Amino acid sequence: MKSVFILSFRSLALASLIFFSGCTTPWKLTGVPMLLSANFESNAINTPPDPTLPGDPSGDSIETDGTGPNAKVIQADGNKWLSVLNSRDRNEGGRLRFKANAITYPARIFYSWKLKMVEGLMHGSITMAIKDGSGNTNVELRLEDSRFNPQQDAGFGYLYLMPDRELLGKLPLNQLCDFFLEVNHTTHLFSLAVSRPADMGGTIRLDNRSLNTNSPAGVQYPVFELSNRTAPPEFTGWLVNPTSGAVWIDQIQIKGNR
């Protein structure tokens, strides 16, 4: 495992400030211990991701709850991705949890991932939740319906902050977006940045927003959780709406420091 050193609180705050000023990226945030890294490059295609997350750091892992979302590793655009489908190929309600190495809270945790929406969601949602090993949900983001049928593809998807379903903006189809989320368990606040093209409104930014629930002090396991909801909203019984949608995710990282 690569050696790391701990930045002082002042240096760490400066590194965070530089990112949110648009001068760097979360993947260049140095000096903060890596707690989880998933890039899927060593995974076999058309299979679920390797739950052991091979490579540094050792000890991080993937856990599933129920059937898990309809996720598999694919090869596309010269890269390997985790493809997450919003379809009824599997039962809804399962979760895929990227579980980081333990760290003692209160702590500042940095989450980052790359996402490309390749098919607009219809009749359902894909959720990205920040949690801990105790089951507390700190931040919850959700991609929801952007069209009513396959012939009305709007070319984007809606991104919401849950549980109040606050609309954060539109994410374009087939364009890579960078997500960076800083959770401060001392102040009970988080900040979010999501890169987008200028014609879609530029970077989405939330600064110093309250956590849904803060995590208790002590040893915790930061978690990035994926889940999908495929139940049709309008009808049940014999009339069932079709459901579809797909996102590709890569370079999931969790870093942390006290």
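## A tour around strand 17

Start by selecting E119 and A246: the two are bridge partners, with A246 lying in strand 17. As you look at them, keep in mind that this is a predicted model.

Now widen the selection to the strands around that pair. Strand 7 covers residues 108–122, and it runs antiparallel to strand 17, joined to it by 11 bridges.

Next, colour strand 17 itself, residues 244–257. Is this strand mostly covered or mostly open? It is mostly covered, as 13 of its 14 residues are buried.

Move on to strand 4, residues 79–85. Strand 4 is another antiparallel partner of strand 17, with four bridges between them. To see a matched pair of residues, select V84 and then V247, which stands opposite it in strand 17.

For the next stop, pick strand 1, residues 34–38. Which way does strand 1 pair with strand 17? The pairing is antiparallel, and it spans four bridges. Select M34 here and look across to K255, its bridge partner in strand 17.

Finally, zoom out to the whole protein chain. Its secondary structure consists of 17 strands and one helix. The chain has 258 residues, and 53% of them count as buried. Among contacts with a separation of 6 or more, 70% are between residues 24 or more positions apart. If you switch on the surface, you are looking at about 11,700 Å² of accessible area, and carbon and sulfur atoms make up 51% of it.

How values were computed: Residues numbered from 1 in each chain as written. Predicted model: local features only at pLDDT ≥ 70, side-chain atom pairs only at ≥ 80, totals over all residues. Heavy atoms only, no water. Buried < 20%, exposed > 50% of the residue type's maximum accessible area, 1.4 Å probe, protein only. Contact = heavy atoms within 4.5 Å. Areas by Shrake-Rupley, 256 points an atom, 1.4 Å probe, with all protein chains shown as cover. Pairing = 2+ DSSP bridges.
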